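This report describes the fold of one protein chain for a reader who is new to structural biology. Please keep the sequence and the three-dimensional view at hand while reading.

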Amino acid sequence: MKIKLTKDQISNLVWILAIVLIVFTPVGFYARVFVGKVFASDATIIKSENRKLLEDYNWRLSNAEGKSLNFSELEGKVVLINFWATWCPPCVAEMPSLNDLYTDYQDKVAFVFVASDKEEKVASFMTKRGYQFPVYFETSSTPQQLVSKSIPATFILNKSGELVVEEKGAADWNSTSTRDLLNQLLEE
């Protein structure tokens with residue numbers, strides 16, 4: 001018995017196979033990371049009249065070595081906060097640009113990368129990718145104005161504690177507009 005497939009049937013099988021690969025295999029994870037990198041755009045800056053003031057700096061975090069950080073220590077500084085996870089394709093897609101930005105601004109801007117993963121998994125991810133930015137884990141509740149139902153979620157605060165950027169999804173953080181914004185906020 002010989003099965004004869006039409007062009008349409010072959011095309012449908014190819015599409016089904018592609019969807020199965022993207023949804024159910026690691027190939028799909030890397031495909032979604034690639035798409036995230038390709039479609040990442042600049043972060044949107046909140047107009048000054050629409051900015052909200054962060055009211056609660058009472059937030060405790062710790063790093064993998066157990067060193068604690070009370071977010072109140074960063075009051076009065078320009079701060080970039082990024083919520084992410086190793087299993088999140090858009091998070092992984094934007095990490096190279098965040099790492100590049102961190103490399104150039106680590107002495108001027110406070111970076112707080114908050115992982116939603118187990119410490120061992122994060123440590124392996126960081127080592128494998130060669131990232132050096134500081135990763136923290138929450139030990140108390142996130143301030144309400146920084147709560148997001150999705151990741152990645154990135155916030156930039158000015159020295160006065162105003163939310164200048166509130167970006168959900170992957171963005172190109174190593175862009176000229178982000179660097180210009182940080183330079184402007186540092187001069188204020």
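The following paragraphs treat the overall fold, the sheet, the helices, the nonpolar cores and two individual residues.

**Overall fold**

The model is predicted. Its chain holds five helices and seven strands, which follow one another from the N terminus in the order α-α-β-β-β-α-β-α-β-β-β-α. The chain has 188 residues, of which 41% count as buried. Among contacts with a separation of 6 or more, 70% link residues that are 24 or more positions apart. The exposed surface amounts to about 11000 Å², and carbon and sulfur atoms supply 54% of it.

**The sheet**

In general, the strands of a sheet pair through backbone hydrogen bonds, either parallel or antiparallel. In this model, seven strands make up an open sheet of mixed pairing, in the order E2-E1-E5-E4-E3-E6-E7. At its edges are strand E2 (68–70) and strand E7 (163–168), each of which pairs on one side only. On average, neighbouring strands of this sheet are turned by 25° against each other, direction ignored.

Two of the strand pairs are set out below.

| Strand pair | Direction | Bridges |
|---|---|---|
| E3 and E4 | parallel | six |
| E6 and E7 | antiparallel | five |

In the first pair, Asn-82 stands opposite Phe-113 in E4, and Phe-83 stands opposite Val-114 in E4. In the second pair, Phe-155 faces Glu-166 in E7 as its opposite residue. Five residues lie between the strands in the hairpin of E6 and E7, where Gly-161 takes a positive phi near 90°.

Is strand E3 enclosed or open to the outside? Six of the six residues of E3 are buried, so the strand is largely enclosed by the rest of the structure. In a regular strand, the side chains alternate between the two faces of the sheet. Both faces of E3 are covered: on one side Val-79, Ile-81 and Phe-83 are buried, and on the other side Leu-80, Asn-82 and Trp-84 are buried.

**Helices across the sheet**

Helix H3 (residues 89–105) lies across E3, E4 and E6 and runs at about 155° to E3. Helix H4 (residues 119–129) lies across E3, E4 and strand E5 (135–138), with an angle of about 165° to E5.

**Nonpolar cores**

In soluble globular proteins, nonpolar side chains tend to be buried together. The largest nonpolar core here comprises 32 residues, and those that touch the most other members are Trp-84, Phe-111, Met-126, Phe-133, Val-135, Ile-156 and Trp-173. At least two residues of this core come from each of E3, H3, E4, H4, E5, E7 and helix H5 (176–187). H3 gives the most, with seven residues. Apart from this core lies another, of 19 residues, including Leu-54, Tyr-57, Ile-81 and Ala-110.

Val-135 illustrates how parts of the chain that are separate in sequence meet in the core. Leaving aside residues up to four places away in sequence, Val-135 touches Ser-62, Asn-63, Ala-64, Trp-84, Phe-113, Ala-115, Val-122 and Met-126.

**Two threonines**

Thr-154 is found in strand E6 (residues 153–157). Why does Thr-154 count as buried? The relative accessible area of Thr-154 is 0%, and a residue is classed as buried when this value is under 20%. The side chain of Thr-154 makes a polar contact of 2.7 Å with the side chain of Asn-82. Not counting residues up to four places away in sequence, Thr-154 touches Leu-80, Ile-81, Asn-82, Glu-94, Val-165, Glu-166, Glu-167 and Trp-173.

Thr-139 lies in the loop between E5 and E6. Thr-139 counts as partly exposed because its relative accessibility is 49%, and a residue is classed as exposed when the value is over 50%. In sequence, Thr-139 and Leu-61 are 78 residues apart, yet their C-alpha atoms are 5.2 Å apart in space. With residues up to four places away in sequence not counted, Thr-139 touches Arg-60, Leu-61 and Ser-62.

How values were computed. Residues numbered from 1 in each chain as written. Predicted model: local features only at pLDDT ≥ 70, side-chain atom pairs only at ≥ 80, totals over all residues. Heavy atoms only, no water. Helix = DSSP H or I, 4+ residues; strand = E, 2+ residues; numbered from the N terminus. Buried < 20%, exposed > 50% of the residue type's maximum accessible area, 1.4 Å probe, protein only. Contact = heavy atoms within 4.5 Å. Areas by Shrake-Rupley, 256 points an atom, 1.4 Å probe, with all protein chains shown as cover. Polar contact = N/O pair within 3.5 Å; in protein donor to acceptor, adjacent residues only side chain to side chain. Pairing = 2+ DSSP bridges. Axes fitted to C-alpha atoms, helices over the stretch in contact; angles between N-to-C directions. Core = buried A, V, L, I, M, F, W, Y, C linked by side-chain atoms within 4.5 Å.
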